[in-house]
Amino acid sequence: MTHDNSFPADFLWGAATSAYQVEGSPLADGAGASIWHRFSHTPGLVANGENGDVACDHYHRYEADIALMRELGLNAYRFSVSWSRIFPEGKGHINEKGLDFYRRLVDSLRAAGILPLITLYHWDLPAALDDRGGWLNRNIARWFADYASVMFRTLDDRQPMWATLNEPWVVTDGGYLHGPLAPGHRNWFETPIAAHNLLRAHGAAVEAYRAVGKGRIGIVVNLEPKYPASDSKEDRDALVRADAYMNRQYLDPIFLGSYPKELPPLFGEAWPPLPDIDFDLIRQKIDYLGINYYKRGITKNNPNVMIERAERVNNPRAVYTETDWEVFPQGLTEILVWVSDRYGKLPLYITENGAAFYDPPTADGTVDDPLRVDYLRQHLRAAREAIRNGVDLRGYCVWSLLDNFEWALGYSKRFGIIHVDFETQKRTLKASAKFYKEVIRTRGGDL
Ligand code: BGC
């Protein structure tokens, strides 16, 4: 049946996860520790002392999870590879058993008719590389390209879609500037160095892919339209700074070949010397852009806030999720249109979108999550609106397939459309999963 309002016939309907958040067994079969293993095992850094040792046990239950994906009608699954399963010491020795896990996963997805969207880096750096300076060491571009090449040689014949990095801005802002995320540094001077090396590593992996790969490769960024807290010049200037730091810091070098002009003065004496040649590496053509969208940012001038000199304020009239994020669906349309206008019309995918809400237990064991259903409905409509506005949007992944390890918040916040009982590992489709299934079946025609 066709629907007037429906999404394109070849639209990708996916769900996303990441290795450390769902797999569990982080040291199994010869894997090395990642910075998240180390971080979550350091007392006091993760809520309730939780860690990813078991998580959703997806490492063992991936077949059953793929059966659930089929039940929902997904035609894409976005997941990430744990670098330290492949290179336990970060580089050098390759762990075949680590590769085997991802071979099995990708083969099972393919057999189920589900396109694998593979992210090479979703925050779980091998701890052994962190010991060598991690993202602060310029050699990391080569280490990452070597690891990426092994993955390309192993899995590209199964024709997945590749992404180099997930949310490099969060890696630096959370991992190097403010410290709530691994490796937990709080260092203004390190931040632009880590950012630049992430971009160089991205470029080096794209370059490596062109040598051996036949399919598509891109990067995933998180974007937020910025709004001023008031009409004052101070707040409008704060908006420009926050936008440069969060939205343009990574995209301008990739698409335009230079950093936003606002950044060097914001970093001041911490801004490093940057060899011109780096931008040739960074500015390579990518085949698509993945966008993670959760919320907008309302910014208020505040000279005491590092780098942006802007603080985030809340909108008293809005609905907020359990992570205190404003529900702002029109921001999704806006950011998709902005990307197409600023960087040119390239294929876009929403690689993450979703919300944490408390899902109250019911007597009959079902999980009713009307707030999440409403969030998804509104954001899917906003995605459709972007297509109507001429954006080349090719797919949507809900975050997340499963309730999982929400980084520093541990298991306290649930983003899944499938409920996970972490005691028994029982999966239960929430109302939002059933809603999404129906959206997929009707290609969004009834939204
Ligand atoms: C990340 C996910 C995370 C989600 C919700 C995104 O920033 O890519 O790993 O769980 O947001 O916080």
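Where does the ligand sit in this structure? The ligand sits in the largest pocket, and I would like to walk you through that pocket before turning to the other spaces. What you see above is a predicted model, in which local features need pLDDT of at least 70 and side-chain atom pairs count only at pLDDT 80 or more, while totals for chains, interfaces and linings use all residues. Residues are numbered from 1 along each chain as its sequence is written, and side-chain values use heavy atoms, with hydrogens and water left out.

Let me begin with the terms. The search runs on a 1 Å grid over the protein atoms alone: a pocket is an open set of points with protein on both sides within 12 Å along at least five of seven lines, a cavity is a set where a 1.4 Å probe fits but cannot get out, and lining residues have an atom within 4 Å of a point. A molecule counts as sitting in such a space if more than half of its atoms lie within 2 Å of its grid points. Volume here is the space filled by probe spheres set on the points, which are joined across faces, edges and corners.

Now to the ligand itself. Around it stand Q21, H122, W123, N166, E167, Y294, W325, E352, W399, E406, W407 and F415, each being near in the sense that one of its heavy atoms lies within 4 Å. By class, this shell has 6 nonpolar, 3 polar and 3 charged residues, where Ala, Val, Leu, Ile, Met, Phe, Trp, Tyr, Cys and Pro count as nonpolar, Asp, Glu, Lys and Arg as charged, and the others, Gly among them, as polar.

Which side chains have an N or O atom 2.5 Å or 2.9 Å from an oxygen atom of the ligand? For E167 the distance is 2.5 Å, and for E352 it is 2.9 Å; in the side chain of W399, an N or O atom lies 3.3 Å from a ligand oxygen. The protein covers 94% of the 310 Å² of accessible area that the ligand has on its own, an area that comes from the Shrake-Rupley method with a 1.4 Å probe.

Stepping back to the whole pocket, its volume is about 920 Å³. Its lining has 36 residues, and W169, V170, D173, K295 and W325 lie nearest the centre; W325 also belongs to the shell around the ligand. Two or more lining residues come from each of α8 (168-177), α10 (233-256) and β9 (310-312), and α8 gives the most, with 4 residues. These elements are DSSP runs numbered from the N terminus, helices being H or I with at least four residues and strands E with at least two.

The second largest pocket holds about 220 Å³ of space, and of its 17 lining residues D359, P361, V367, R414 and H419 are the closest to its centre.

Finally, how many cavities of 30 Å³ or more are there? The count comes to 3, and the largest has a volume of about 100 Å³. Among its 14 lining residues, Y20, E23, P26, S82 and R85 are the closest to the centre. The second largest cavity has about 60 Å³ of space, and its lining draws at least two residues from each of β3 (115-121) and β4 (161-166). By class, that lining divides into 7 nonpolar, 2 polar and 1 charged.

Key
Polar contact = N/O pair within 3.5 Å; in protein donor to acceptor, adjacent residues only side chain to side chain.
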